[in-house]
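Here is a short report on one protein model. Keep the sequence and the coordinates at hand while reading.

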Amino acid sequence: MTNTITPESPAAWRDPALGARRELTLPQGSLTVFDSGNGDPIVFVHGLLVNANLWRKIIPAFSGEYRCVAIDLPFGSHTTAMPDADLTPTGLADLVIAAIEDLDLGPVTLVGNDSGGAVSQLVVATRPDLVARLVLTSCDAYENFPPSFFDYLGLAARTPGALVPLAASMRLRPARRLPIAYGWLARRPIDRAASDSYALPVGVKAIRSDTRRAILGLDRKHTLAAARTFADFKKPVLLAWSAGDRFFPDKYAERMAADFPDARIEWIHDSGTFSPEDQPEQLVGAIRMFLTETNAGH
């Protein structure tokens with residue numbers, strides 16, 4: 001285990017395709033974002049135990065026409081600890097809102113994956129004026145936050161010291177392919193550099209402390225509260241959902257498509273939850289078509 005993350009560490013690696021690294025000084029602390037391109041803004045929100053690298057295969061397809069901002073949320077694979085920040089889902093949504101406002105981006109196309117999709121729903125519920133369009137890939141919603149399979153993470157977070165051996169196991173690359181790690185979230189092995197950047201930061205005590213607080217905050221009350229506002233969000237919504245997702249069944253996409261007034265589903269095939277890893281071309285195609293078809297009303 002280490003106590004710091006140096007810029008040269010594999011834990012700190014971020015794909016150059018994400019754009020320029022920027023450190024935002026926010027009331028909650030220092031937040032890292034990656035900024036590339038020009039044009040209408042797209043903001044990308046990842047979930048637990050990954051970081052902005054999740055979008056490294058997606059952003060280059062859009063940065064020639066849009067301004068793309070990928071946020072490194074303090075969700076366990078970040079490099080700058082935020083000990084004073086509220087890391088509940090609503091607090092994480094406030095961080096996204098603060099980043100959008102600090103960069104003067106709004107209204108944006110907001111794209112979320114996994115627990116980052118839950119955070120995105122809370123952004124829409126809290127500040128719909130900052131969101132012009134919403135894209136949700138497979139993600140937590142309604143009573144499925146977090147999926148029951150991941151209850152072990154909550155138990156580990158509540159048990160003193162239990163995250164330490166879990167973090168140690170994540171240093172072993174074969175262990176990351178186990179179902180309790182990334183094995184059922186991505187159908188294909190994740191590139192070594194990206195995998196290291198996801199798995200290694202939690203070995204740092206300050207990052208692990210943030211991770212614990214983020215895990216303890218996961219609660220269906222947040223997604224159920226967000227769902228009560230769906231009918232009020234009249235802007236376009238794309239549900240680019242991994243068909244047959246193990247953790248986020250199709251019924252949740254269908255339920256959201258019915259609850260949002262202007263929503264459509266595009267199924268991503270042969271993909272786990274991490275469609276930006278498994279099927280970037282399909283996801284890019286679905287988002288591009290959605291952006292093109294909704295540009296007139298944007």
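At 34% relative accessibility, W184 counts as partly exposed. This is a predicted model. W184 sits in the loop that runs between α4 (163-169) and α5 (192-199). On the surface, W184 joins F149, L178 and I180 in a nonpolar patch. Together these four residues have about 350 Å² of accessible area.

**The nonpolar cores**

In soluble globular proteins, nonpolar side chains tend to be buried together. Here the largest nonpolar core has 94 residues. Which residues have the most contacts inside it? They are Y182 and M256. Helix α1 (residues 89-102) gives the most to this core, with eight residues. Another core lies apart from it and has six residues, including I5, A11, V204 and I207.

M256 has a long list of partners beyond four places in sequence. Q121, L136, C139, A141 and Y142 are among them. So are F230, L239, W241 and A263.

**Helix α1 and the loop after it**

A93 lies in helix α1. Is A93 buried or exposed? A93 is buried, because its relative accessible area is 1%, under the 20% cut-off. Setting aside neighbours within four places in sequence, A93 touches V119, L122 and V123. The C-alpha atoms of A93 and V119 are 5.2 Å apart. Along the chain, 26 residues separate this pair.

The loop between α1 and β5 (108-114) holds D104. D104 is exposed, with a relative accessible area of 67%. Its phi is positive, about 55°, although D104 is not a glycine. P107 lies in the loop between α1 and β5 as well. A cis peptide bond joins G106 to P107, with omega about -5°.

**The loop between β6 and α3**

Y142 belongs to the loop between β6 and α3. Phi of Y142 is near 55°, a positive value in a residue other than glycine. Y142 counts as buried at 3% relative accessibility. Y142 is also one of the residues that M256 touches.

N144 is found in the loop between β6 (131-139) and α3. N144 is buried too, with a relative accessible area of 11%. Which residues does N144 touch, not counting those up to four places away in sequence? They are F247, F248, P249 and Y252.

P146 is placed in the loop between β6 and α3. The peptide bond from F145 to P146 is cis, with omega near -5°.

**Helix α3**

L155 lies in helix α3 (residues 151-158). L155 counts as exposed because its relative accessible area is 51%, over the 50% cut-off. The C-alpha atoms of L155 and L216 are separated by 9.0 Å. These two residues are 61 residues apart along the chain.

**Accessibility at a glance**

The residues discussed above are listed here with their classes.

| Residue | Relative accessible area | Class |
|---|---|---|
| A93 | 1% | buried |
| Y142 | 3% | buried |
| N144 | 11% | buried |
| W184 | 34% | partly exposed |
| L155 | 51% | exposed |
| D104 | 67% | exposed |

Notes: Residues numbered from 1 in each chain as written. Predicted model: local features only at pLDDT ≥ 70, side-chain atom pairs only at ≥ 80, totals over all residues. Heavy atoms only, no water. Helix = DSSP H or I, 4+ residues; strand = E, 2+ residues; numbered from the N terminus. Buried < 20%, exposed > 50% of the residue type's maximum accessible area, 1.4 Å probe, protein only. Contact = heavy atoms within 4.5 Å. Patch = residues over 30% accessible without salt bridge, like charges linked within 9 Å, V, L, I, M, F, W, Y side chains within 5 Å. Areas by Shrake-Rupley, 256 points an atom, 1.4 Å probe, with all protein chains shown as cover. Salt bridge = Lys/Arg side-chain N within 4 Å of Asp/Glu carboxyl O. Core = buried A, V, L, I, M, F, W, Y, C linked by side-chain atoms within 4.5 Å.
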